[in-house]
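Thank you all for coming; I would like to walk you through one structure this morning, slowly enough that we can look at each part together. Please have the view ready on your screens, and stop me if you lose the place.

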Amino acid sequence: YCGNGAQEFFRVSDPTHGLKLVKHVCRHIDVPAVLTDALMLCDAFTHVSKLDTCVSLLQRTMVATARARHPVSRAAQCASFLQVICEEAGYHLAERVGERMAGFCAIMLEDYRKTTLRA
C-alpha cells in the first residue's frame with residue numbers, strides 16, 4: 001500500500017498517522033484483502049473506528065467506476081464486504097454499517113432526484 005518513504009515519516013505514537021494509514025488503505029478497494037487489512041489496522045489503532053472505516057470503504061466502492069473486464073460488479077463487491085464484516089467483526093457491526101449505508105444511499109438517491117428534476 002505504501003512506498004518505502006512512508007517508513008521515514010510514519011510515527012505509531014501519532015494518532016493522526018494511524019487514521020491516515022487506514023484511510024490510505026481504504027483507497028485500494030480492488031485489493032482482495034483490503035477490508036481484512038483495514039480491520040486489522042483498526043485493531044492496532046484502537047482510536048480508529050471500525051464502523052467509520054467499513055462505511056468509508058463501502059461508500060468508496062459504491063461510487064467507484066466499474067472495472068473493465070472484471071467478473072464482479074461493484075454491488076457484488078459491496079455484498080462481499082458486508083459478508084466479511086459479518087464474519088470477521090460480527091453481526092452487530094455489519095448491521096450498524098448497513099444502517100449507515102442505507103442513509104448514504106437515501107442521500108444519493110435524493111441528490112439524483114434533484115438533479116434529474118432540474119434537467
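I will begin with the whole chain, then spend most of the time on one helix and its surroundings, and end with two other helix pairs.

Before anything else, please keep in mind that this is a predicted model. The secondary structure of the chain consists of six helices and zero strands, and if you read along the sequence you meet the pattern α-α-α-α-α-α. Of the 119 residues in the chain, 29% are buried. As for how the chain meets itself, if we take the contacts with a separation of 6 or more, 57% of them are between residues 24 or more positions apart.

Let us now turn to helix 4, which runs over residues 50-63. A useful exercise for a newcomer is to ask what span its 14 residues should have at 1.5 Å a residue. The expected value is 20 Å, and because the end C-alpha atoms are 20 Å apart, the model agrees with the expectation. At the start of this helix, a side-chain oxygen of S49 comes to within 3.3 Å of the backbone nitrogen of L51.

Which residues of helix 4 are buried? They are L51, T53, C54, V55, L57, L58 and T61, and what covers them includes helix 2 (15-26), helix 3 (34-44), helix 5 (74-89) and helix 6 (91-118). I would like to take two of these residues, V55 and T61, and look at each with some care.

V55 lies in helix 4, and with a relative accessible area of 2% it is buried, the cut-off being under 20%. If we leave out residues up to four places away in sequence, V55 touches V97, R100 and M101. One of these, R100, is 45 residues from V55 along the chain, yet the C-alpha atoms of V55 and R100 are separated by 7.0 Å.

T61 also belongs to helix 4, and because its relative accessibility is 0%, T61 counts as buried. Which residues does T61 contact, once its neighbours within four places in sequence are set aside? They are I29, R74, Q77, C78 and F81. Of these, R74 is 13 residues from T61 in sequence, and the two are 6.4 Å apart in space, C-alpha to C-alpha.

We can also look back at T61 from one of its partners, Q77, which is found in helix 5. Q77 is buried, with a relative accessible area of 7%, and, again not counting residues up to four places away in sequence, Q77 touches I29, D30, T61, R67 and V72. If you compare the two lists on your screens, you will find I29 among the contacts of T61 and among those of Q77.

Next comes the pairing of helices. Two packed helices are described by the angle between their axes and the distance between the axes. Helix 4 and helix 6 pack at an angle of about 45 degrees, with their axes 10 Å apart, and the two are therefore oblique to each other. Their contact is made by K50, L51, D52, C54, V55, L58, Q59, M62 and V63 of helix 4 and by L93, R96, V97, R100, M101, F104, C105 and M108 of helix 6. The crossing of helix 4 and helix 6 is right-handed.

For helix 6 we can repeat the exercise on span: its 28 residues should cover 40 Å at 1.5 Å a residue, and the end C-alpha atoms are 41 Å apart, which agrees. The buried residues of helix 6 are L93, A94, V97, M101 and F104, and they pack against helix 4 and helix 5.

Two further pairs remain. Helix 3 and helix 5 pack at an angle of about 40 degrees, with their axes 10 Å apart, and that makes helix 3 oblique to helix 5. Here V34, L35, T36 and L39 in helix 3 meet F81, V84, I85, E88 and A89 in helix 5, and the crossing is right-handed.

Finally, the axes of helix 2 and helix 3 come within 9 Å and cross at roughly 175 degrees. Because angles over 145 degrees count as roughly antiparallel, that is how helix 2 and helix 3 are related. The contact is made by L21, V22, V25 and C26 of helix 2 and V34, D37, A38 and L41 of helix 3.

Conventions
Residues are numbered from 1 along each chain as its sequence is written. This is a predicted model: local features need pLDDT of at least 70, side-chain atom pairs count only at pLDDT 80 or more; totals for chains, interfaces and linings use all residues. Side-chain values use heavy atoms; hydrogens and water are left out. Helices (H or I, at least four residues) and strands (E, at least two) are DSSP runs, numbered from the N terminus. The expected span of a helix is 1.5 Å times one less than its number of residues. Buried means under 20% relative accessible area, exposed over 50%, partly exposed in between (1.4 Å probe, protein chains only). Contact means heavy atoms within 4.5 Å. A polar contact is a pair of N or O atoms within 3.5 Å; within protein, one must be able to donate a hydrogen and the other to accept it, and residues adjacent in sequence count only if both atoms are side-chain atoms. Axes are lines fitted to C-alpha atoms, for helices over the stretch in contact, and angles run from 0 to 180 degrees between N-to-C directions. Angles under 35 degrees count as roughly parallel, over 145 as roughly antiparallel, 65 to 115 as roughly perpendicular and the rest as oblique. A crossing is left-handed if the near helix is turned anticlockwise from the far one by less than a right angle, and right-handed if clockwise.
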